[in-house]
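The questions below go through one protein model, from its overall build to single residues. Each answer closes on the value or name asked for.

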Amino acid sequence: MSVVDDNIAKAKDYMARFAKDGVLNHIAGENVPAMSGETMDTISPVDGSVLAKVAKSDAADIDAAVAAAKAAFPAWSKTPGAERRKILIKVAEAIEARAEEIAFTECMDTGQALRFMSKAAIRGAANFRFFADQAPTAEDGAVTRTPTQMNTTSRRPIGPVGVITPWNTPFMLSTWKIAPALAAGCTVVHKPAEFSPMTAKKLVEIAEEAGLPKGVLNVVNGLGETAGKRLTEHPDIKAIAFVGESRTGSMIMAQGAPTLKRVHFELGGKNPVIVFDDADIERAVDAATFMIYSLNGERCTSSSRLLVQESIYDEVTEKVAAVAKRIKVGHPLDPETVVGPLIHPVHEKKVLSYFDKAREEGATIAAGGEKIGTEGCYVSPTLFTGATNQMAIAQEEIFGPVLTAIPFKDEDEALALANDVEYGLAAYLWTNDLNRAMRMTDSLEAGMMWVNSENIRHLPTPFGGVKASGIGRDGGDWSFDFYMETVNVSFPRTGHKIPKLGG
Ligand code: NAD
């Protein structure tokens, strides 16, 4: 048996219960089907086969989950932070113990390659550990004094919250939202993406086995426009943490407006990697290709626009094209695979449509630009050259292993091109001129920038975007600010003079 066959057999074992019983909802600690009895399919991007039937929930299921989260809130929010920390560390340990199961399931449900997904569970556990450690001090604030008053500022958990996640790296992203919410003392209703629901169900089961009380985390599967919508409208849900497309963010903001929902949005990107002629070209090429061709390019922070100084444009694009052509595309459970199949035929169709658009707009396809085979959602790692910033391939988020290269003359033009998109999530800058790096990073419109580096996440730093890429920040203490209300209580220090009216 080859390694791949062996891995496929293991993955089948890990998913066997889902294949048999379906991916059910998880409400108040119980496995429950959608109340309507309806189901939808989650399919394998490898060959389109049905992996499992999934509960297709609607408003009634969301209402039941919100009721469970509401009932669990008083006890969980009053559980001492040190106790919540202990439980969440146990969740982290349990995730680590089942890292292979999570990774293999994720690969089959999303098409993401094992070489990256094997780290996803570990990253998820790290999220739990990081936020768990802050639970004991999450309520703390400052004391400020005036001659007459003592102000004490503190935080308290906001209440039951909704978490809505996308399909690209569902396990990691779910933990990224759920761990700080739980650490802050909130209870959660999670609505995972319909294309990749499996590991969300595993997460809640793992968490409860590790000691998370029932009802603290609830999972409801279903479509965005029904189950997701109801979650954003529910009056007992105090905040919505959403990761997904910018236009869905707009809809959620409108849906949440009547109940004045607090929202946190991590949305799309069209992130530039800007390479100046004084940069270390080998390192820049490695980083740029890593950031667009890893995770199938289905990554919000992917470097999907390659802006290169004219003098080195041909050299850089030739090197990038050579890497793109060498990359192994294959089964997600093959340890050698770099690019696996895209998540779903619907998404594959969208990505393929940009190959036609590139041709129509007059760009050159320097690498890839085609579907691979007839079975599964495989597309080749692609590089478009000779593009201009006005083209759709330079403006729109393609969300696949597809890179658009554009030349620039000087710093001013690089900046203008970089900022001339509706998004502003991340930017990558390659130069050995420190002063230029300072000038550029001062003016680039992006929430996160990396100089002479690929995206390396450090959990205490803020994560999030500007413009159409998001509202709010995750990481560090920013997550707690979102999941908690800040409250000030003022005490008199002396018998100060109170204004007397009418006397
Ligand atoms: P999507 O917006 O289509 O769906 C995301 C989630 O929203 C799904 O669970 C979906 O069911 C739900 N949803 C859809 N309509 C809804 C509605 N009206 N009300 C409530 N919920 C609704 O996004 P996707 O296609 O699953 O994911 C890809 C997108 O996510 C890309 O744009 C990508 O850039 C973005 N993303 C951003 C980040 C980030 O941190 N900024 C990270 C990962 C992915």
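Q: Between which two strands does the loop with A28 lie?
A: The model is a predicted one. In it, A28 belongs to a loop and not to a numbered strand. The strands on its two sides are strand 1 (25-27) and strand 2 (30-32).

Q: Is A28 buried, partly exposed or exposed?
A: The relative accessible area of A28 is 35%. Buried requires under 20% and exposed requires over 50%. With 35%, A28 is therefore partly exposed.

Q: What is the phi of A28?
A: A28 is not a glycine, yet its phi is positive. The value is about 50°.

Q: Which residue in the loop between helix 10 and strand 11 is found there with a relative accessible area of 76%?
A: The loop runs between helix 10 (246-256) and strand 11 (262-266). A residue in this loop has a positive phi near 50° without being a glycine. Its 76% is over the 50% cut-off, so it counts as exposed. The residue is L260.

Q: How many helices and strands does the protein have, and what is its radius of gyration?
A: The secondary structure comes to 17 helices and 22 strands. For 503 residues the globule rule gives 23 Å, and the protein comes close to this, so it is as compact as a globular protein of that length. Its radius of gyration is 24 Å.

Q: What share of the residues counts as buried?
A: The count is taken over the 503 residues of the protein. A residue is counted when its relative accessible area is under 20%. The buried share is 58%.

Q: What part of the contacts with a separation of 6 or more joins residues 24 or more positions apart?
A: Contact here means heavy atoms within 4.5 Å. Among the contacts with a separation of 6 or more, residues 24 or more positions apart account for 75%.

Q: How far apart are the C-alpha centres of the two assigned domains?
A: Domain 1 is assigned as 3-139 + 151-267 + 469-487, and domain 2 as 272-451. The contact between them takes 30 residues from domain 1 and 32 residues from domain 2. Their C-alpha centres lie apart by 30 Å.

Q: How far apart are the centres of the positive and negative side chains?
A: The protein has 53 positive side chains and 64 negative ones. The centres of these two sets are separated by 8 Å.

Q: Is T165 buried or exposed?
A: T165 sits in the loop between strand 7 (161-164) and helix 7 (170-184). Residues it touches include L173, H190, P192 and V243. Its relative accessible area is 5%, which is under 20%. T165 is therefore buried.

Q: Is V402 buried or exposed?
A: V402 lies in strand 16 (residues 402-408). Among the residues it touches are I292, Y293, V351, F355 and F384. The relative accessibility of V402 is 2%, which is under the 20% cut-off, so V402 is buried.

Q: What C-alpha distance separates K12 and T105?
A: K12 is part of helix 1 (residues 3-21). With a relative accessible area of 58%, K12 is exposed. K12 and T105 are 93 residues apart in sequence. In space, their C-alpha distance is 8.4 Å.

Key. Residues are numbered from 1 along each chain as its sequence is written. This is a predicted model: local features need pLDDT of at least 70, side-chain atom pairs count only at pLDDT 80 or more; totals for chains, interfaces and linings use all residues. Side-chain values use heavy atoms; hydrogens and water are left out. Helices (H or I, at least four residues) and strands (E, at least two) are DSSP runs, numbered from the N terminus. Buried means under 20% relative accessible area, exposed over 50%, partly exposed in between (1.4 Å probe, protein chains only). The radius of gyration is taken over C-alpha atoms; the globule rule is 2.2 Å times the number of residues to the power 0.38. Lys and Arg count as positive and Asp and Glu as negative; His and the chain ends are not counted. The place of a charge is taken as NZ of Lys, CZ of Arg, CG of Asp or CD of Glu. Domain bounds come from an automatic or database domain assignment. Lists of a residue's contacts leave out its neighbours within four places in sequence.
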